[in-house]
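Open the model in your viewer and keep the selection box ready. This tour goes from aromatic rings to charges over rings, then to pockets.

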Amino acid sequence: MSQPYVKLDIQNEVGYIEFFHPAHNSLPGDILAKLAQTITDAGTNDDIKVIVLKSGGDRTFCAGASFNELININDAATGKVFFSGFANVINAMRKCPKFIIGRVQGKTVGGGVGLAASTDYCMASKFAAIKLSELNIGIGPFVVGPAIERKMGLSAMSQIAIDANTFYPADWAQQKGLYTQVYDSTEALDEAVKATAEHLCTYNPEAIKEMKAIFWKGTEDWDTLLAERAATSGTLVLSEFTKEKLKTYK
């Protein structure tokens, strides 16, 4: 695996959506756009009853935003478009009428934590530590913050946002509500994800759709909210502080 991709594989009425990027599954704008569209399409595909979101490789689930793209942002409009990529994926997951199971096999950072928090039922391996590192480069987890706060609460979200250098272990993330279960190996995780997804396929799709609407109640303004947050990040990434920080990653 060397080329970035987003792919959909349907098995036993489960739609497995997998994304990959050779740079630790970081997400540039084109991959984010494909991911949002693939989730939307799976939501309307009658051959799919339940969706699993996963990433390729066996180490990092998602390293968040692509630093190569961040470094090259030179105006606020471009910045907003870039950060809107994560907003569009979160909103696609929110609006999808089907349950989305997260399969988090390894470390996840920044926007990746937002993706995990936007699934309806997230399962992880013991290697799936989390970190919100945005403050380190002079921005903040503005776009993904609402999703993380909704799942983990303001206290836990603010803790990891402020403590931007620390990876918090998977069992901590489970205690705070991000993960439902944590498994000792990727193999055990995959077996559990498959069993859970296929069992959910036996439920009434209309009941699932109605339950999902209840779970996401109160987020109806997120199209606007996340766009505003993307604009905030898009402006901050132009700051002298952030530009200097990003130079150290070249």
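Select Phe-19 and Phe-61 to begin: both residues are buried. Keep in mind that this is a predicted model.

**Stop 1: a ring pair between strands**

Stay with Phe-19 and Phe-61. Their ring centres are 5.6 Å apart and the planes stand at 75°, so this pair is edge-to-face. Now colour the strands. Phe-19 belongs to strand β2 (residues 14-20), while Phe-61 belongs to strand β4 (residues 60-62). The pair therefore ties together parts that are 42 residues apart in sequence. The model has 6 aromatic pairs by the rule used here.

**Stop 2: two tryptophans**

Next, select Trp-216 and Trp-222. How far apart are the ring centres, and at what angle do the planes lie? The centres are 5.8 Å apart and the planes are at 90°, so this pair is edge-to-face. Buried or exposed? Buried means under 20% relative accessible area. Trp-216 has 4% relative accessibility, so it counts as buried. Trp-222 has 5%, so it counts as buried as well.

**Stop 3: charges over rings**

Keep Trp-216 on screen and add Arg-150. Arg-150 lies over the face of Trp-216, 3.6 Å from the ring centre. Then move to Lys-107 and Phe-167. Here the charged end of Lys-107 sits over the Phe-167 ring, at 4.4 Å from its centre.

**Stop 4: the largest pocket**

Switch on a surface. Rolling a probe the size of a water molecule over the atoms shows where empty space is left. The largest pocket has a volume of about 580 Å³. It is lined by 32 residues; select Ala-63, Gly-64, Ala-65, Phe-67 and Val-109 for those closest to its centre. Three elements give two or more residues to this lining: α2 (67-71), α3 (76-95) and β6 (107-109). The largest share, 3 residues, comes from α2. By class, the lining of the largest pocket has 16 nonpolar, 13 polar and 3 charged residues.

**Stop 5: the second largest pocket**

The second largest pocket has a volume of about 220 Å³. To find it, select lining residues including Gly-43, Thr-44, Asn-45 and Asp-46. Add Pro-97 and Lys-98, which are also among its lining residues. Which helix gives the largest share of this lining? Helix α9 (residues 205-215) does, with 4 residues. Pro-205, Glu-206, Ile-208 and Lys-209 are among the residues to select here. The lining of the second largest pocket divides into 4 nonpolar, 3 polar and 5 charged residues.

Note on methods. Residues are numbered from 1 along each chain as its sequence is written. This is a predicted model: local features need pLDDT of at least 70, side-chain atom pairs count only at pLDDT 80 or more; totals for chains, interfaces and linings use all residues. Side-chain values use heavy atoms; hydrogens and water are left out. On a 1 Å grid over the protein atoms alone, a cavity is a set of points where a 1.4 Å probe fits but cannot get out, and a pocket is an open set with protein on both sides within 12 Å along at least five of seven lines; lining residues have an atom within 4 Å of a point. Grid points are joined across faces, edges and corners, and a volume is the space filled by probe spheres set on the points. Ala, Val, Leu, Ile, Met, Phe, Trp, Tyr, Cys and Pro count as nonpolar, Asp, Glu, Lys and Arg as charged, and the others, Gly among them, as polar. Rings of Phe, Tyr and Trp (its six-membered ring) pair if their centres lie within 6.5 Å; planes under 30 degrees apart count as stacked, over 60 as edge-to-face and the rest as tilted. Buried means under 20% relative accessible area, exposed over 50%, partly exposed in between (1.4 Å probe, protein chains only). A charge sits over a ring if NZ of Lys or CZ of Arg is within 6 Å of the ring centre and within 35 degrees of the ring normal.
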